[in-house]
2 protein chains.
Amino acid sequence: MDLDLIKKLAKPADTKIVLLVLDGLGGAPLEKGGATELEAAETPNLDEIAAQSLCGLHEPVATGITPGSGPAHLGLFGYDPIKYQVGRGVLAALGIDFDLRGDDVAARGNFCTVDDQGLVQDRRAGRISSDKNQELLRLLRDIEVEGAQVFLRVVKEYRFLLVLRGENLSEAVGETDPLEVGYRPREPKALRPEGERTAHLVAKFVEQVRSKLADQHPANMVLLRGFSQRTDWPQFPEVFGLRAAGIASYPMYRGLAKLVGMEVLKAGENMADPFGVLEGAWGDYDFFFVHVKPMDSAGEDGDFDRKVRLIEEVDAFVPRVFKLDPDVVIVTGDHSTPAKLAYHSWHPVPVMLWSRHCRADEVKRFGERACLQGGLGPRMPAVELLPLALANAMRLEKFGA
Amino acid sequence: MDLDLIKKLAKPADTKIVLLVLDGLGGAPLEKGGATELEAAETPNLDEIAAQSLCGLHEPVATGITPGSGPAHLGLFGYDPIKYQVGRGVLAALGIDFDLRGDDVAARGNFCTVDDQGLVQDRRAGRISSDKNQELLRLLRDIEVEGAQVFLRVVKEYRFLLVLRGENLSEAVGETDPLEVGYRPREPKALRPEGERTAHLVAKFVEQVRSKLADQHPANMVLLRGFSQRTDWPQFPEVFGLRAAGIASYPMYRGLAKLVGMEVLKAGENMADPFGVLEGAWGDYDFFFVHVKPMDSAGEDGDFDRKVRLIEEVDAFVPRVFKLDPDVVIVTGDHSTPAKLAYHSWHPVPVMLWSRHCRADEVKRFGERACLQGGLGPRMPAVELLPLALANAMRLEKFGA
């Protein structure tokens, strides 16, 4: 759906919408015919809501596409994730709460190993620890390039964030990662004329890194990917006419909410925390993105039973959302993370939309197979959920006369 | 679907298609878990057809979008309603059977109330009656603007139609309605250079209106919206290769049929009338759009029981369609009008497609929840129905070799 069209139709109303995202909710059975994590979990509260809701499964980006966290959330926020792409550098900055400003250019860096000829031997420098990473960044902190400030931050293990801050910088710079071992790191090249100056600054930076890391092992060089800048996307509150709050404990999700213009409310890491923040902020916003992280981590660890247990835990918090008397509630995941794959996957994600005006279907249980029979269908594009939430919140004008 | 592609594939055949539109058919339960209007109705004939048909629900424009009658019908006619938008002025003309020609520019007018300073106090002039409207238009009928004929017609209550007829007129004129009270009506401005002359004519018109209505109260000024001209859209008979008839009693629906190039056959206001016209014209056309209005009005009145009764009434006429031995019959609504909301809504609309060649699903009952399990799915874009009807009528060539 075109955001311009939605913006034209959006109208004010005294209604509140909750988007409850259980990260990595979707799953898969360990054996053919078995239950998924969600199906195996006892979820009396989610099931009760399902019986009064429109149910289905959504596809975060497109059929067969396994999404990263960025695109997966953008779809749920109503932004077509293929049209609105976030660069790796910006995502890395969001992920560690780095406050990108104006024209800042961010890139994701890897420490790597090069041999005597300068050919890349290991693109991840033996997966050094985060502590080692911190120690190496200390060696680099007095690097200066004329015309820009340099910021370096640990991301995790061998990954770090590089930010250049200055006037007239551009993201139009090619990656230096050759993507295969046995090759020299690429020279940073301008992808378009406006990238010339920034490419030159990056080259100056890399030159100094090479000499400062020369005696280190295995991390004696860096590779840079995903040069990118903050976007000037249409902002969520303006497009949808909603005072919007993003409630999350992990920086990545707070960063994504901030990127589209939501106000960000930090939650602690306990599962109860985002629900407490929601209750406290209830009077101040029309839209609440509530992010609950841990089932995704259990899925990524391949821990089916832990994921089941976490889903059962979150089920107990669902009544607290409904006690606030919301007008529309969407419960879903951003993507699937089946413990069986121990990774994000392309599988459609269970979703239900509750409102007084939704025409409930006959699904009585919140689970992958039950939701196949629901009114949202088995493969709803995630990006269509938000317009439907607005409709159910009586926040869209009629289209045409 | 691209109309050019359909046009290329369309081939002649000796088959007939009926599109039976029960206006505002889709509904919603009054209470969670209850029946919709269609589900509450006893519809033995529709149910019998459903058991032999492909069933499902369609979305007239897009997920979450509540359509006006214009877009809702255009989708059923195979025209993407977001791409093919009809201006308010043209729709108003269609709605009162005004015969727009050539470059005629139509606008929808409101009588309004302005104060001593000329600031709008009431955009609808206290919702004056249609009779009062007629009386006021009589005061305006000797207005002349050089270079164009002026036509003024009552639409309803405070709403009227303005049409300018002349050479080289353009719809590129901005609205004069400030959309909020406390502001002066806007000057009619050209939106593009070709609108300069028409904007000037409109300004001359408004100037005379102001002086002629000066002593009237509450309707002492007018606001104009939706300047628009007839379109040169691809025409239905050429695109789809069908001799097409539109059978309707209300002018709006006849107008929409005419807009896409169908021949229009006027039906009376009894529910039996369109079916009689259909029988009479059976030999002369390949495609019949048959419009049955009253369930929409019952929905808009919030009268659940009357809507149920009207659906039961129309059910009795369905066998008359099948006695004609059609090749393809689609039964659906243009949009939902749940009595509970007393307004058009975004809810998907039950639809069934009957033909000898359709691969019937297992749906045995024509109703919102039953249709969720049908072969057309729970959220089929309305615009895809017509190509499917053509296919079932053996009227589309194979695509590619």
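**View 1. Superposition of chain B on chain A.** A turn of 123° and a shift of 0.1 Å along the axis lay chain B on chain A with an RMSD of 0.1 Å, the superposition being by least squares on the C-alpha atoms of residues with pLDDT of at least 70 in both. The two copies are thus related as by a three-fold rotation axis. They use different surfaces, in that 7% of the contact residues of chain B recur in chain A, where contact requires that the C-beta atoms of two residues, placed from the backbone, lie within 7 Å. The model is predicted, so that local features need pLDDT of at least 70 and side-chain atom pairs count only at pLDDT 80 or more, while totals for chains, interfaces and linings use all residues. Residues are numbered from 1 along each chain as its sequence is written, and chains are lettered from A and ligands numbered from 1 in the order in which they are written.

**View 2. The side of chain B that touches chain A.** Here 29 residues of chain B are in contact with 22 residues of chain A. At least two residues of this side come from each of α4 (69-76), α5 (88-95), α14 (368-371) and β13 (377-381) of chain B, helices (H or I, at least four residues) and strands (E, at least two) being DSSP runs numbered from the N terminus. With three residues, β13(B) gives the most to this side of chain B.

**View 3. Domain 1 and domain 2 of chain A.** The domain assignment of chain A, whose bounds come from an automatic or database assignment, gives domain 1 (3-85 + 232-392) and domain 2 (91-228). Their centres, taken over C-alpha atoms, are separated by 35 Å.
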